Amino acid sequence: MNAPTTRRRTVAQALVEFLAHQYTERDGRRHRLIGACWGIFGHGNVAGLGQALLESGEALPYLQGRNEQAMVHAAVGYARQCDRLSAQAVTTSIGPGATNLVTGAALATVNRLPVLLLPGDVFATRPADPVLQQLEVPHAGDVSVNDALRPVSRYFDRVTRPEALIPAALQAMRVLADPVDTGAVTLALPQDVQAEAYDWPEEFFADRVWRVPRPAPDAEALAEAVRLIRAARRPLLIAGGGVHHAEAEDALRDFAGATGIPVASTQAGKGSLRHDHPADVGGIGHTGTATADALAREADLVIGVGTRYTDFTTASSTLFAAPGVRFVNLNIAAFDSHKLGAAALVADARAGLEALGAQLSGHRVAPAYEAGYTGAKQEWERRVDAAYAAPDDSVRPSQTQVLGVLDALVDDTDVVINAAGSLPGDLHKLWRARSRRQYHLEYGYSCMGYEIPAAIGVRLAAPGRPVWALVGDGTYLMNPTEIVTAVQENLPFTLVLLQNHGYASIGGLSEQTGGERFGTAYRFRAGDGTYTGAPLPVDLAANAASLGMHVIRAGTVAELRAALGEARGAKRPTCVYVETETADTVPGAPQAQAWWDVPVAETATRPAAVAARQAYDRQAAGRRRHL
């Protein structure tokens with residue numbers, strides 16, 4: 001009897017070789033599960049994973065980052081563009097390199113997007129204790145800073161022996177490929193174990209395919225959902241990110257076209273229908289359109305497809321106001337499908353929509369209902385046109401007018417990326433999404449500093465598409481370093497950098513909640529502690545240029561139009577810098593279409609806070625629990 005065949009490799013070498021042979025498969029199409037590995041090297045991974053990646057060559061491509069959090073953001077942008085069927089890994093040293101992963105890991109897990117984290121860890125054998133950057137915990141000798149990643153990881157393991165890598169690596173791949181459980185996966189790798197050799201079974205390195213299923217709905221649950229839809233007079237469908245992840249856009253288009261049920265979208269679900277589809281009524285919730293939110297208030301049935309129902313979507317549980325409103329939730333995760341006391345339809349979004357459509361053959365909403373929301377949509381589009389329009393080309397543009405100029409330039413191939421500030425609200429209300437992956441908003445964690453690295457990830461996943469990272473000045477200052485990575489790797493994208501000299505979104509929220517815009521502007525501080533009205537002499541365009549970007553300054557609408565046109569065809573990373581007027585031209589501004597619960601001081605001495613509390617109590621009175 002022949003002995004099993006083995007290969008002698010270090011733990012790091014074995015892991016890299018293993019990752020290069022992992023695949024996902026859905027609908028008969030195969031994808032590399034781990035497309036590349038980002039890395040910043042220091043003690044803890046330079047002689048382990050660093051050496052292994054060097055030795056592997058192009059079997060597992062290496063990407064050099066500048067900031068550990070940003071590397072995770074880039075990997076998340078890549079995974080989202082790949083519909084979660086392909087992901088990237090990120091390796092760091094121990095200590096600060098590892099803890100810098102936490103924010104990115106939280107973002108990935110909140111948004112349920114796969115990323116593999118491979119932080120170095122302290123010595124498993126403890127030849128010296130403590131080592132440089134080691135956290136000493138007097139009551140627990142087995143704790144390291146990597147334990148901070150446990151609550152923000154969908155799966156966590158520390159590989160303290162070579163043979164333990166085999167089950168840990170297999171579990172890691174299972175979670176990354178699971179559409180329900182996916183998120184950040186962490187394999188903490190002690191630096192001595194990474195370099196330790198072991199005789200690995202040959203089977204560990206064989207091609208392995210992780211099939212991503214499309215589970216169909218249960219027959220009884222499907223029948224109940226169909227009964228509720230047929231009985232509804234004012235149904236509304238809410239499309240969440242699960243529509244995109246399941247590539248269910250065509251099924252949703254067919255369902256909406258056949259039934260006439262209007263479709264609103266969350267931030268993650270926007271673009272599930274093209275903006276010009278008759279049933280598309282725009283964004284839902286606190287940053288939603290007047291059309292969608294009015295429908296939501298009167299809906300007697302809400303059909304959630306692939307949504308988590310965050311507080312922005314539900315207007316902090318005040319939006320769905322009809323006394324007898326019911327919910328049907330189609331979601332691949334049972335956890336989400338049972339929210340709001342819904343009739344749960346646990347299934348893949350595409351499979352579920354196709355099953356619903358087949359059972360509802362011939363069913364359509366009343367003509368008067370369809371005509372009502374169609375007319376409201378047309379009125380909203382006129383308001384969008386007004387928000388986008390500038391009085392003439394010689395004026396300095398507002399933020400919404402910047403979006404209007406960009407809207408007139410792009411086509412189906414462009415990708416627009418944003419995450420934080422006042423832009424998400426403007427985009428959700430106004431942007432006319434033309435294709436399924438054009439609208440790329442990270443709003444589960446709304447992390448400042450996401451946009452630039454995410455643009456790199458999207459370019460890696462979709463190299464032929466024009467990519468726009470829309471960034472305010474506050475967000476830019478959080479994380480501009482990956483500009484250098486884009487320059488080094490020759491990854492063209494356009495950074496649209498909007499300078500409004502402060503935190504516009506939080507400034508507005510501060511004013512609404514009685515905070516009087518405290519601490520939200522960039523201004524000089526005088527000797528008496530007060531702030532002057534003059535903005536700081538900060539030149540962010542010069543900063544972007546110093547990092548290697550080609551910079552175009554635009555002072556007027558005409559200059560902006562020319563700058564964006566030039567940038568779209570550029571062959572290198574390009575920044576369009578524009579100082580914006582602060583006047584608010586968003587339809588419905590300054591009041592949102594729906595509420596967002598941010599608690600206000602119950603007692604205060606300043607009149608602004610007292611008035612804000614009174615307004616808060618009036619809004620909170622409309623909150624309800626759907627049971």
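Which element supplies the largest share of the lining of the largest cavity?

1. The answer is α9, from which 3 residues of that lining come, the largest share. This concerns a predicted model, and the points below should be read with that in mind.

2. The structure holds 4 cavities of 30 Å³ or more, and the largest of these has a volume of about 600 Å³. Its lining is made up of 40 residues, and those that lie nearest the centre of this largest cavity are G241, G242, A268, G306 and R308.

3. As to secondary structure, at least two residues of the lining of the largest cavity are supplied by each of α5 (102-111), α9 (241-245), α12 (311-314) and β16 (326-331). Sorted by class, the lining of the largest cavity has 17 nonpolar and 15 polar residues, together with 8 charged ones.

4. The second largest cavity has a volume of about 150 Å³. It is lined by 18 residues, among which K270, D280, G282, E381 and W431 are the closest to its centre. By class, the lining of the second largest cavity divides into 7 nonpolar, 5 polar and 6 charged residues.

5. Which element gives the largest share of the lining of the second largest cavity? That share, 4 residues, comes from α15, while β14 (280-283), α15 (367-388) and α17 (423-430) each supply at least two residues of the lining of the second largest cavity.

6. Away from the description of the cavities, a colleague may wish to look at E68, which is found in helix α3, spanning residues 68-81. Is E68 buried or exposed? With a relative accessible area of 10%, E68 counts as buried, because the cut-off for that class is under 20%.

7. Leaving aside residues up to four places away in sequence, E68 touches I40, T92, G97, N100 and L101. For a long-range reference, the C-alpha atoms of E68 and G404 are separated by 34 Å, and these two residues are 336 residues apart along the chain.

8. Helix α1, which covers residues 11-19, is mostly covered, with 9 of its 9 residues buried. The buried residues of α1 are V11, A12, Q13, A14, L15, V16, E17, F18 and L19, a list in which Q13 and E17 appear alongside residues such as V11 and F18.

Key. Residues are numbered from 1 along each chain as its sequence is written. This is a predicted model: local features need pLDDT of at least 70, side-chain atom pairs count only at pLDDT 80 or more; totals for chains, interfaces and linings use all residues. Side-chain values use heavy atoms; hydrogens and water are left out. On a 1 Å grid over the protein atoms alone, a cavity is a set of points where a 1.4 Å probe fits but cannot get out, and a pocket is an open set with protein on both sides within 12 Å along at least five of seven lines; lining residues have an atom within 4 Å of a point. Grid points are joined across faces, edges and corners, and a volume is the space filled by probe spheres set on the points. Ala, Val, Leu, Ile, Met, Phe, Trp, Tyr, Cys and Pro count as nonpolar, Asp, Glu, Lys and Arg as charged, and the others, Gly among them, as polar. Buried means under 20% relative accessible area, exposed over 50%, partly exposed in between (1.4 Å probe, protein chains only). Contact means heavy atoms within 4.5 Å.
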